[in-house]
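Hello,

Here is the structure we talked about handing over. Please open it alongside this note, and then read on for what turned up.

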Amino acid sequence: MKVCLPLLALLTCTGCSGTCQNTVASSSLSPKGNLAAVLFRRDCGATIGFSTQISILRSDDKPTGGGNAFIADDDHGAARVGSWEGPWADVKWVAPDHLLIRYAAKSRLFQRSDSVSGVRITYQVVGS
């Protein structure tokens, strides 16, 4: 019995790790074309709502995990939702090393990085 419990816990945790799916909503190439700001919906199952996530990646990469720059959800319907069913957000390259992320007011933020891969990130809340 002592051997079965740790094994059961390991199998349970292993089965849960791959349940999230990413769906790219938009991708914006940097002015130099070497990086992309990828906005995507992350879906981790029926009991958790969709989140909007943004990663700065090499231009030929796709997001494989959570966002490395921005992660938010709609706080149980409080924030405006985009066409991808996560809270609304938008990205705009201001310069080759500067990205502007705009996002819906009332979004619940889980990550808001100031810099990723040498790119400075600034933010603007939209709406009230």
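**An exposed loop lysine**

Lys 62 is exposed, because its relative accessible area is 66% and the cut-off for exposed is over 50%. Please keep in mind that this is a predicted model. Lys 62 sits in the loop that runs between β3 and β4. Its C-alpha lies 9.8 Å from the C-alpha of Phe 40, and the two residues are 22 apart in sequence.

**The chain overall**

The protein chain has 128 residues, and 36% of them count as buried. Its secondary structure amounts to one helix and nine strands. Along the sequence the pattern reads α-β-β-β-β-β-β-β-β-β.

**The five-stranded sheet**

Five strands form an open sheet. Their order is β1-β2-β3-β4-β7, and the pairing is antiparallel. Two strands sit at the edges, β1 (21–29) and β7 (108–112), and each of them pairs on one side only. On average, neighbouring strands in this sheet are turned by 20° against each other, direction ignored. As background, strands of a sheet pair through backbone hydrogen bonds, in either a parallel or an antiparallel way.

Take the pair at the β1 edge. How many bridges join β1 and β2? There are eight, and β1 and β2 (residues 35–43) run in the antiparallel sense. For a register check, Ser 26 stands opposite Leu 39 in β2.

**The disulfide**

The structure holds one disulfide. It joins Cys 20 to Cys 44, with an S to S distance of 2.0 Å. The torsion about the S-S bond of Cys 20 and Cys 44 is about 115°, so the disulfide is right-handed. The pair links distant parts of the chain, 24 residues apart. Cys 20 is in the loop between α1 (4–16) and β1. Cys 44 is in the loop between β2 and β3.

Are these cysteines buried or exposed? Neither label fits. Cys 20 has 26% relative accessibility, so it counts as partly exposed. Cys 44 has 23% and therefore also counts as partly exposed. The cut-off for buried is under 20%.

**The largest pocket**

The largest pocket holds about 210 Å³ of space. It is lined by 16 residues. Which of them are closest to its centre? They are Ile 48, Gly 49, Phe 50, Ser 51 and Asp 73. Four elements give two or more residues each to the lining: β2, β3 (51–58), β4 (70–73) and β7. These four strands also appear in the order of the open sheet. By class, the lining has seven charged, five nonpolar and four polar residues.

**Two positive phi angles**

Two residues deserve a look on your Ramachandran plot. Asp 75 has a positive phi of about 50°, although it is not a glycine. His 76 is not a glycine either, and has a positive phi of about 60°. Asp 75 is found in the loop between β4 and β5 (89–95). His 76 is placed in the loop between β4 and β5 as well.

What do their accessibilities say? Asp 75 counts as partly exposed, because its relative accessibility is 30%. His 76 is exposed, because its relative accessible area is 71%.

That is the handover.

Best wishes

How values were computed
Residues numbered from 1 in each chain as written. Predicted model: local features only at pLDDT ≥ 70, side-chain atom pairs only at ≥ 80, totals over all residues. Heavy atoms only, no water. Pairing = 2+ DSSP bridges. Axes fitted to C-alpha atoms, helices over the stretch in contact; angles between N-to-C directions. 1 Å grid on protein atoms, 1.4 Å probe; cavity = no way out; pocket = protein on both sides within 12 Å on 5 of 7 lines; lining within 4 Å. Points joined across faces, edges and corners; volume = space filled by probe spheres on them. Nonpolar A, V, L, I, M, F, W, Y, C, P; charged D, E, K, R; others polar. Buried < 20%, exposed > 50% of the residue type's maximum accessible area, 1.4 Å probe, protein only. Disulfide = S-S within 2.5 Å.
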